[in-house]
Amino acid sequence: MTDLLSLVALSRLSPHCWRRAAEWLRAGDAPSEVLQRLADMLWPDDSGRLARLRSDAGDTIAHAERDKVAAVAWSDPAYPVALASIVDPPPVLWTRGRIDALHAPAVAIVGSRAASQYALSIAHDLAHDLAACGLVVVSGLARGVDSAAHRGALAVGGVTVAVLGSGVDVMYPPEHAPLAKQIDERGAVISELVPGTKPDAMFFPLRNRIISGLSRAVVVIEAGEKSGSLITARCALEQGRDVLAVPGNVLNGRNRGAHGLLRDGAKIVETADDILEELGPSASGTRVCSTVPNAVGAPTDPILAALPPGEPCDLDVIAERSGLAPARVLPRLFEFEMQGLVARAGGGRFVRVDRTC
């Protein structure tokens, strides 16, 4: 509870503090120490500010419990590892619905709010087919492409996750409240913002890093030159995720942003098979054992070899030991987790399970 209180207090600080907080937390500093250090930097002459911040954090936790909103702290093993690996993960995820939806392989589908019928149809069909293959569909519950993607996943009984630019108890747009309720039943509605936070223009670009951070790939559908979807694509590239785009009409200018991504090397998407091909054979959750112990019982895969049994390690440590880039390590860790060879530990770390297939 002490860690949760400190992490909720951290989440109430300005987002520009979160990257530094993440660095100290990954270094092993306790959340309370990180909070104290930041408070000393921010308010050196106001010793009562930290006490008020902690009090507000306690009120926030009580409010969330009353409304049946789960607070998933960065130090909690339930915190999604994919998100913990980005440079500025939210200290706390506020979650409605099923927390386990945040751990399955996921693809983000994003695009225009003022989408054409063509874009709505493509978003629905891609999400439908990906969900039918067992992938989680992540989007932002916005009008247009986002809501079409959520509905496509739900239509096949699939799992979808909505990332909000408001508190999870403040629905925006308000007409999507029934859709959010359906998502709760099959997946999750989440936010980094404390319950009760109203939507604000600054929050939506921030939440885009969470959409991409939860996902193995981001698919952009009908994005203009100044579309917020391009922010999500940029976050995905910075996080080592794949970026894909759907081509559109070249005459009306509605898809110039997505076409720019294609010119810059994004993979073209015509069907869900193009996305599955990019993700590789483990995309649908198939359990395939590709690592065979050698004669003395040590794993031949460099990633598993970098994980001594029982020793939790974060992504940077595994990458350094294996000699591989973090962007290559993370998808493989997900595969090993599905195979039962690796398990998640708290704080975005992984631990090897000492067993063979």
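Trainee: Which residues does aspartate 88 touch, not counting residues up to four places away in sequence?

Mentor: Aspartate 88 touches Arg19 and Arg209. Contact means heavy atoms within 4.5 Å. Before we go on, note that this is a predicted model: local features need pLDDT of at least 70, side-chain atom pairs count only at pLDDT 80 or more, and totals for chains, interfaces and linings use all residues. Residues are numbered from 1 along each chain as its sequence is written, and side-chain values use heavy atoms, with hydrogens and water left out.

Trainee: Where does aspartate 88 lie, and is aspartate 88 buried or exposed?

Mentor: Its place is the loop between helix H5 (81-84) and strand E2 (92-97). Helices (H or I, at least four residues) and strands (E, at least two) are DSSP runs, numbered from the N terminus. The relative accessible area of aspartate 88 is 18%, so this residue is buried. The cut-offs are under 20% for buried and over 50% for exposed, with partly exposed in between (1.4 Å probe, protein chains only).

Trainee: Now the sheet. What is the order of its strands?

Mentor: Strands of a sheet pair through backbone hydrogen bonds, either parallel or antiparallel. Here the sheet is open, has 9 strands and mixed pairing, and runs E1-E2-E6-E5-E4-E3-E7-E8-E9. Strand E1 (70-73) and strand E9 (267-268) stand at the edges; each has a single partner strand, so one side of each lacks a neighbour in the sheet. Two strands count as paired if DSSP finds at least two bridges between them.

Trainee: In which sense do E2 and E6 pair?

Mentor: Antiparallel, over 4 bridges. Use tryptophan 94 as a marker: serine 191 in E6 stands opposite.

Trainee: What covers the faces of strand E5, residues 160-163, in terms of buried residues?

Mentor: In a regular strand the side chains alternate between the two faces of the sheet. In E5, Thr160 and Ala162 are on one side, and Val161 and Val163 are on the other. All four are buried, so both faces are covered.

Trainee: How many bridges join strand E4 to E5?

Mentor: There are 3, and E4 (residues 136-139) runs parallel to E5. Valine 137 stands opposite threonine 160 in E5. Between these strands the chain passes through helix H7 (residues 145-155), in a right-handed β-α-β crossover. Right-handed means that, with the strands pointing away from the viewer, the path from the first strand over the helix to the second runs clockwise.

Trainee: And how many join E5 to strand E6?

Mentor: Again 3 bridges; E6 (residues 188-191) is parallel to E5. Valine 161 has alanine 188 in E6 as its bridge partner. The route from E5 to E6 goes through helix H8 (residues 177-186), and this crossover is right-handed.

Trainee: What should I check in the backbone angles?

Mentor: Most residues other than glycine have a negative phi, and most peptide bonds are trans. Lysine 68 has a positive phi of about 60 degrees although it is not a glycine. Lysine 68 sits in the loop between helix H4 (48-66) and E1, and is exposed at a relative accessible area of 72%. Leucine 141 has a positive phi too, near 60 degrees. Leucine 141 lies in the loop between E4 and H7, and is buried at 0% relative accessibility. Finally, the peptide bond from tyrosine 172 to proline 173 is cis, with omega near -5 degrees. Proline 173 is in the loop between E5 and H8.

Trainee: How much space lies in the largest pocket?

Mentor: About 420 Å³. Of its 23 lining residues, Ser85, Ile86, Val87, Glu238 and Gln239 are the closest to its centre. Helices H2 (18-26), H10 (228-238), H14 (315-322) and H15 (326-339) each give two or more residues to the lining. On a 1 Å grid over the protein atoms alone, a pocket is an open set of points with protein on both sides within 12 Å along at least five of seven lines; a cavity is a set where a 1.4 Å probe fits but cannot get out; lining residues have an atom within 4 Å of a point. Points are joined across faces, edges and corners, and a volume is the space filled by probe spheres set on them.

Trainee: How many cavities of 30 Å³ or more are there?

Mentor: The whole structure has 4. The largest cavity holds about 90 Å³. Its lining has 13 residues, with Ala82, Leu102, His103, Ala104 and Phe334 nearest its centre. H5 and H15 are the elements that give two or more residues to this lining. The second largest cavity has a volume of about 40 Å³. Leu10, Trp18, Ala21, Ala22, Leu25, Trp74, Pro89 and Pro91 line this second cavity. H2 supplies the largest share of that lining, 4 residues.
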